[in-house]
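This report covers a helix and its packing, a set of annotated positions, and a buried arginine. The sequence and the model come first.

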Amino acid sequence: MAVDLRSYLGHVELPNPVLTASGCGGTGRELAQFFDVTRIGAFVTRSITMAPRAGRPTPRMAETPSGMLSAVGLQGPGVEVFAERELSWLAQRGVRTIVSIGGGSVAEYTALARRLADAPGITAVEVNLSCPNVEDRGRVFARDGSAAAEVVASVRAATRYDVPVIAKLAPDVADVVSLARLCVDGGADALSMINAPLGMSVDVDTMRPSLAAGTGGLSGPAIKPLAVRCVWQVHAALPGVPIVGMGGVMTGRDALELVLAGACAVAVGTALFHDPHACQRILRELEELLQARGFDRLADAVGLAHRPAGAGPRNRIELEESSL
């Protein structure tokens with residue numbers, strides 16, 4: 001018998017828990033050459049900004065052991081072109097779309113949310129908090145809990161009530177649980193973690209940094225233990241809050257590990273660069289693993305690693321009550 005793979009982000013139901021990670025699926029058209037994008041839980045866009053951005057100079061990517069470094073710099077056409085060309089294309093095809101937004105100030109995040117408030121076809125809004133705050137000497141929003149909460153609150157206030165707001169968190173902060181709690185208190189309906197932590201490599205032949213920007217986000221299998229740790233800690237503290245786990249999801253086993261730690265959905269990123277069919281393959285592998293372990297529903301596996309040996313999974317009401 002097939003496993004019930006439905007997942008929920010707030011009140012929004014997804015048919016399955018596999019998403020793309022922001023910035024790793026192009027505009028959607030690229031992946032659509034390989035599979036029907038409506039078959040995955042949701043497509044997550046690259047982080048959209050108000051104005052067009054050229055991004056950082058090249059080289060922007062560098063391979064590392066068990067992963068890669070990237071410093072693209074939120075390259076994009078700006079929200080107007082995005083809404084007209086990319087979002088409309090996804091909406092016309094019925095793709096469940098989570099729009100990632102990034103800004104340099106609270107005002108810019110608010111303006112983005114307002115611009116997208118009436119746009120059709122948006123399943124949820126993901127707030128990329130790993131952006132520098134130009135009003136605070138470039139300090140990244142995610143490293144200042146109060147600033148992150150202010151951004152989330154402003155986006156929640158400007159977003160339609162029926163569209164969940166997801167706060168995206170990075171692991172290189174002093175206390176990811178406190179940050180998560182502040183974002184939820186600010187109005188986040190769900191959390192996604194982890195965004196790529198900062199890393200760096202130096203090319204010993206050129207004797208220069210591998211990336212033109214110097215540092216970049218580290219992704220791939222190398223960061224999976226960080227992702228599992230963050231998901232575990234935040235789920236333990238906020239068990240009623242939906243979590244999208246990401247970071248090194250290359251196989252169904254990786255996805256199941258994050259689910260057992262507390263994620264109700266997973267996002268696939270780096271794997272797509274060498275296997276554009278990765279989302280479908282990981283979903284199939286995840287279902288087979290759940291079946292082999294006797295699960296009838298994905299929901300029964302979420303956070304199960306937190307339970308004492310032999311204890312059954314907690315239901316949704318119990319999770320919500322325990323987070324109060």
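## Burial of helix α7

A residue is taken as buried when its relative accessible area is under 20%, as exposed when the area is over 50%, and as partly exposed in between. The model described here is predicted. Seven of the ten residues of α7 are buried, so this helix is largely enclosed by the rest of the structure. The buried positions are G252, D254, A255, L256, L258, V259 and A261. Among the elements that cover them are α6, β17 (243-246), β18 (265-268) and α8.

Both ends of α7 have local features. At the N-terminal end, T251 acts as a cap, with a side-chain oxygen 3.3 Å from the backbone nitrogen of R253. After the helix comes G262, which has a positive phi near 140 degrees.

## Packing of α7 against α8

Two packed helices are described by the angle between their axes and the distance between the axes. For α7 (residues 252-261) and α8 (residues 278-292), the angle is about 65 degrees and the axes are 8 Å apart. The crossing of these two helices is right-handed.

On the α7 side, the contact is formed by G252, R253, A255 and L256. Their partners in α8 are I282, E285, L286, L289 and L290. Sorted by class, the contact of α7 with α8 has six nonpolar residues, one polar residue and two charged residues.

## Annotated binding-site positions

An unreviewed UniProt entry lists S22, N128, K168, I194, G220, G247, G248, G269 and T270 under "binding site". Three of these positions, N128, K168 and G220, are described below.

N128 is found in strand β8 (residues 122-128) and is buried, with a relative accessible area of 8%. Beyond its neighbours within four places in sequence, N128 contacts S47, L74, S100, I101, G102, Y109, K168 and N195. The side chains of N128 and S47 are joined by a polar contact of 3.1 Å. K168 belongs to strand β11 (residues 165-169). K168 has a relative accessible area of 6%, so it counts as buried. With neighbours within four places in sequence left aside, its contacts are S22, E126, V127, N128, L129, S192, N195 and M246. S22 and N128, which K168 touches, are also in the "binding site" list.

G220 lies in the loop between β16 (215-219) and α6 (224-237). Its relative accessibility is 3%, and G220 therefore counts as buried. Residues up to four places away in sequence not counted, G220 touches S66, G67, G247, G248 and T270. Of these contacts, G247, G248 and T270 appear in the UniProt list.

## A buried arginine, R60

R60 sits in the loop between β4 (43-44) and β5 (61-64). Is this arginine buried or exposed? R60 is buried, because its relative accessible area is 18% and the cut-off is under 20%. Apart from neighbours within four places in sequence, R60 contacts A54, G55, L69, S70, A71, V72, Q75 and L211.

Two of these contacts involve polar atoms of the R60 side chain. The backbone oxygen of A54 lies 2.8 Å from a polar atom of that side chain. The side chain of Q75 makes a polar contact of 2.3 Å with the side chain of R60. R60 and G216 are 156 residues apart in sequence, with a C-alpha to C-alpha distance of 8.2 Å.

Note on methods. Residues are numbered from 1 along each chain as its sequence is written. This is a predicted model: local features need pLDDT of at least 70, side-chain atom pairs count only at pLDDT 80 or more; totals for chains, interfaces and linings use all residues. Side-chain values use heavy atoms; hydrogens and water are left out. Axes are lines fitted to C-alpha atoms, for helices over the stretch in contact, and angles run from 0 to 180 degrees between N-to-C directions. Helices (H or I, at least four residues) and strands (E, at least two) are DSSP runs, numbered from the N terminus. A crossing is left-handed if the near helix is turned anticlockwise from the far one by less than a right angle, and right-handed if clockwise. Contact means heavy atoms within 4.5 Å. Ala, Val, Leu, Ile, Met, Phe, Trp, Tyr, Cys and Pro count as nonpolar, Asp, Glu, Lys and Arg as charged, and the others, Gly among them, as polar. Buried means under 20% relative accessible area, exposed over 50%, partly exposed in between (1.4 Å probe, protein chains only). A polar contact is a pair of N or O atoms within 3.5 Å; within protein, one must be able to donate a hydrogen and the other to accept it, and residues adjacent in sequence count only if both atoms are side-chain atoms. UniProt positions are given in the numbering used here, feature names are shortened, and annotations may be inferred rather than shown by experiment.
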